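Trainee: Please pick a single part of this model and take me through it closely. I am new to the structure, so explain each term as it comes up.

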Amino acid sequence: MSDSLGLSIGMTNLVAARNGRPPVIRRSVLTLFENRPAEVGVPIEFQGNPNLNEPAMVLSGFVERVGDPVPLVAADGSAHRGERVLTEALDAMARTVGGGAPIAIAVPAHWSAATVGALGEALRATPSL
């Protein structure tokens with residue numbers, strides 16, 4: 001039996017799938033918390049989670065900004081590179097389904113080689129992926 005993990009990147013949704021389990025589909029939105037790891041999706045998607053009693057910052061629009069030298073600016077004024085936000089989101093999706101190896105990542109078909117390369121560089125800086 002394989003513990004492989006498949007991650008799919010879409011402008012609207014991110015998907016994580018493990019062999020023999022139903023896929024997890026979440027909106028392409030990253031919710032950052034002060035005292036715990038980020039989660040993918042809008043807070044309504046993780047209802048029933050007792051850890052939602054703390055402030056959070058929601059980042060969206062990062063998939064289409066991968067490779068863009070101009071960072072996203074969050075509501076608090078902090079700057080975030082699209083590929084780093086996406087990498088954090090993919091890491092969160094992997095945690096959601098319990099990880100897996102090897103990992104295969106499907107990117108949008110219209111991405112250029114430079115965009116894929118920018119994501120690749122960010123992924124190399126994330127040992128869990």
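Mentor: The expected span of a helix is 1.5 Å times one less than its number of residues. That rule is needed for the part chosen here, the helix α1, which covers residues 82-96. Helices (H or I, at least four residues) and strands (E, at least two) are DSSP runs, numbered from the N terminus. This is a predicted model, in which local features need pLDDT of at least 70 and side-chain atom pairs count only at pLDDT 80 or more, while totals for chains, interfaces and linings use all residues. Residues are numbered from 1 along each chain as its sequence is written, and side-chain values use heavy atoms, with hydrogens and water left out.

Some context comes before the helix itself. The protein contains two helices and nine strands. Along the sequence they come in the order β-β-β-β-β-β-β-β-α-β-α. Of its 129 residues, 39% count as buried, where buried is under 20% relative accessible area, exposed is over 50%, and partly exposed is in between (1.4 Å probe, protein chains only). A contact requires heavy atoms within 4.5 Å. Taking contacts between residues at least 6 apart in sequence, 49% join residues at least 24 apart.

Now the helix. The 15 residues of α1 should span 21 Å at 1.5 Å a residue, and its end C-alpha atoms are 21 Å apart, so the model agrees with the expected value. α1 is mostly covered, since eleven of its 15 residues are buried. In its first part the buried residues include Gly82, Glu83, Val85, Leu86 and Thr87. Further along, Ala89, Leu90, Asp91, Ala92, Met93 and Ala94 are buried as well.

Two places outside the helix show what its residues meet. One is Val63, in the loop between β6 (56-60) and β7. Val63 has a relative accessible area of 1%, so it counts as buried. Leaving out residues up to four places away in sequence, Val63 touches Ile9, Gly10, Met11, Ser28, Leu86 and Trp111. Leu86 in that list is one of the buried residues of α1. Val63 also has Glu83 at 7.5 Å, C-alpha to C-alpha, with their positions 20 residues apart in sequence.

The other place is Thr126, found in the segment after α2 (113-124). Thr126 has a relative accessible area of 10% and is therefore buried. Apart from residues up to four places away in sequence, Thr126 touches Arg84, Thr87 and Asp91. Its C-alpha atom is 7.6 Å from that of Thr87, although 39 residues separate the two along the chain. The side chains of Thr126 and Arg84 are joined by a polar contact of 3.5 Å. A polar contact is a pair of N or O atoms within 3.5 Å; within protein, one must be able to donate a hydrogen and the other to accept it, and residues adjacent in sequence count only if both atoms are side-chain atoms. The Thr126 side chain also reaches the backbone oxygen of Ala122, at 3.3 Å.

The helix α2 meets α1 too. The elements that cover the buried residues of α2 include β1 (5-9), α1 (82-96) and β9 (103-106). Those buried residues are Thr115, Ala118, Leu119, Gly120, Ala122 and Leu123. α2 has twelve residues and reaches 16 Å from its first C-alpha to its last, close to the 16 Å expected at 1.5 Å a residue.

Next, the chain on either side of α1. Ahead of it, Ser78 lies in the loop between β7 (72-73) and β8 (79-80). Ser78 counts as partly exposed because its relative accessible area is 21%. Its side chain makes polar contacts with the side chains of Asp76, at 2.6 Å, and His80, at 2.7 Å. Setting aside neighbours within four places in sequence, Ser78 is in contact with Met57, Leu72 and Val73.

On the other side, α1 is followed by Gly98, which has a positive phi, near 85°. Pro102 is placed in the loop between α1 and β9. The peptide bond that joins Ala101 and Pro102 is cis, with omega about -5°.

In short, α1 has eleven buried residues out of 15. Its Leu86 is touched by Val63, its Arg84, Thr87 and Asp91 by Thr126, and α1 is among the elements that cover the buried residues of α2.
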